[in-house]
Amino acid sequence: MDWFKLSLQLNKFPIERAKKTLEEIQNIPEHEYAEYQRKRKNAIIDYHIQHNDFYREFFNWDGFDDWQHVPIMKKSDLQHPLKDRLSSTYNTKTAYIGKTSGSSGHPFIFAKNRFAHALSWAGFQDRYRWYHIDLNKSLQARFYGIPLDFYGNVQERLKDRISLRRRFNIFDLSEKKMEDFLERFKKSDFNYLNGYTSAIVLFARFLKDKNLILKELCPSLNICIVTSERLFEKDQQLIEDALGVPVINEYGASEVGLIAFEDAENHWIVNSEDLYIEILDENDHILPYGEEGRVVITSLYNKAHPMIRYDIGDIGCLSKKSTLKKPILEKLIGRTNDIARLPDGKVVPGLTFYYVTKTIIEDNGHIKEFVIIQTEMDEFKIEYVSKQEFSEEQRAKILDAIGTYVGENLKINFERKDILKRSRSGKLKQFISHLK
């Protein structure tokens, strides 16, 4: 039984039509690819100008003559109630609804029409097949967080079961938990490991300290895919040595899907089938291959919600070897998360705070930006930009979420600011540790 395929079909995601469309796109010759991209870019703009009041007002539409005149969408532009940003042809029941992690400090809720979401999954399936991974048959060791409320937890574990994923809860990465992880690998036939870079790095360090190679203890393991955070060269070597399998870099975002995936020659192949990727300078000018700038993405098939010239918040560079059909991501800067260390010895990846943000995100646009800073082993500060001070109810909700996902008996200070300090690249890290 193809459980993953069945789960998509039961949720009314037309995966077979998406796979057929993806194959047709991939068969377009290089010399015809510019015309394919031109038609898709024009079609998605035309659709949202006709059916999306939010985008028509955002664009300030008075005719379209040059792609470079299409305005850049920033995350802060999308911090309005979702109902105001949906196309008139969709609603929250007919579209897929998701939340961004808020790792850039700008969380928001987004929508994708079901075909666009299915096309994203078709892309993931296609890339995973490069390494003989079949999402319907290959067993995944999943190093991600998980909602801890009863409904969310049960729902996620059911999805894991159907999708052949076995969850390794990374909210606690203490040595005792690592021992538990190790025992699970010894007893299971995992085909690949997928998860947050920082969590997998910590597990690799644990294995190295014990002079263990995971592949020797779990012979079925063939590959490790890291995502959501930047992978440094020294960390990649550590993971490969400790796991005994190749490490593959995946670059994606929930709101747009797969952005780039590393091939067997260590090239990050950019998804040019359902996305259009540009590198822009600080004045929004398109940069040539080889120059470093802001990564800006257009989702070519998302009719439910405009993701057109969307500044994802990362800095990158496309290789000079790139072509329109096969862009190669040469460099990516960003998505580096610190690690929180607690008095009881618990070690928590910075992305754990994603689950805190999911708890406090309200679809009303009041919370504009936030960062969480660890100042002492047991003390954290939340700096935020909002229309008004957090209410006692909001503070209690945040404290409860931190107690659930991070740890108890922590001191949390709140500080409302007019503006938050950014890095030199312009990024705003959601979590910062000041511990040595």
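# Briefing: domains and salt bridges of a predicted model

At 3% relative accessibility, Glu-255 counts as buried, because the cut-off for that class is under 20%. The structure described here is a predicted model. The domain assignment divides the protein into domain 1 (3-121 + 254-333), domain 2 (132-245) and domain 3 (339-433). A search of the whole structure finds 25 salt bridges, and several of them are described below, after the surroundings of Glu-255 and the interface of domain 2 and domain 3.

**Glu-255 and its surroundings**

- Glu-255 is placed in the loop between strand 7 (247-253) and strand 8 (257-262).
- Glu-255 forms a salt bridge with Lys-75, in which the closest N and O atoms are 3.4 Å apart.
- This pair links distant parts of the chain, as Lys-75 belongs to the loop between helix 4 (53-59) and helix 5 (82-85), 180 residues apart from Glu-255.
- Lys-75 likewise counts as buried, at 11% relative accessibility.
- The side chains of Glu-255 and Ser-254 are joined by a polar contact of 3.3 Å.
- When neighbours within four places in sequence are left aside, the residues in contact with Glu-255 are Lys-75, Thr-100, Phe-108, Phe-110, Lys-112, Met-307, Tyr-310 and Ile-312.

**The interface of domain 2 and domain 3**

- In this interface, 16 residues of domain 2 are in contact with twelve residues of domain 3.
- The area buried between domain 2 and domain 3 is about 1100 Å², and carbon and sulfur atoms give 68% of that area.
- Within domain 2, the residues that lose the most area to domain 3 are Leu-148, Phe-171 and Tyr-196, which together account for 43% of what that side buries.
- The rule finds zero salt bridges across the interface of domain 2 and domain 3, while the count of residue pairs in polar contact, with both residues at pLDDT 80 or more, is one.
- Helix 9 (residues 197-209) supplies three residues, the largest share of the side of domain 2 that touches domain 3.
- By residue class, that side of domain 2 consists of nine nonpolar, four polar and three charged residues.

**Helix 3**

- A salt bridge of 2.7 Å, N to O, is formed by the side chains of Arg-38 and Glu-35.
- Arg-38 and Glu-35 are separated by about one helical turn, because they are three residues apart in helix 3.
- Arg-38 is partly exposed, with a relative accessible area of 40%, and Glu-35 counts as partly exposed at 34% relative accessibility.
- Asp-46 also has its place in helix 3 (residues 33-51), and this residue is partly exposed with a relative accessible area of 36%.
- The C-alpha atoms of Asp-46 and Arg-341 are separated by 50 Å, and the two residues are 295 residues apart along the chain.

**Further salt bridges**

- Lys-331 forms a salt bridge with Glu-292, and the closest N and O atoms of this pair are 3.1 Å apart.
- Lys-331 lies in strand 13 (residues 328-333) and Glu-292 in strand 11 (residues 292-299), so this salt bridge ties together parts that are 39 residues apart in sequence.
- Lys-331 counts as partly exposed at 39% relative accessibility, and Glu-292 is partly exposed with a relative accessible area of 41%.
- A network of salt bridges links Lys-74, Asp-284, Arg-294 and Asp-311.

Methods: Residues numbered from 1 in each chain as written. Predicted model: local features only at pLDDT ≥ 70, side-chain atom pairs only at ≥ 80, totals over all residues. Heavy atoms only, no water. Domains from an automatic or database assignment. Contact = heavy atoms within 4.5 Å. Buried area = accessible area lost by both parts, 1.4 Å probe. Salt bridge = Lys/Arg side-chain N within 4 Å of Asp/Glu carboxyl O. Polar contact = N/O pair within 3.5 Å; in protein donor to acceptor, adjacent residues only side chain to side chain. Helix = DSSP H or I, 4+ residues; strand = E, 2+ residues; numbered from the N terminus. Nonpolar A, V, L, I, M, F, W, Y, C, P; charged D, E, K, R; others polar. Buried < 20%, exposed > 50% of the residue type's maximum accessible area, 1.4 Å probe, protein only.
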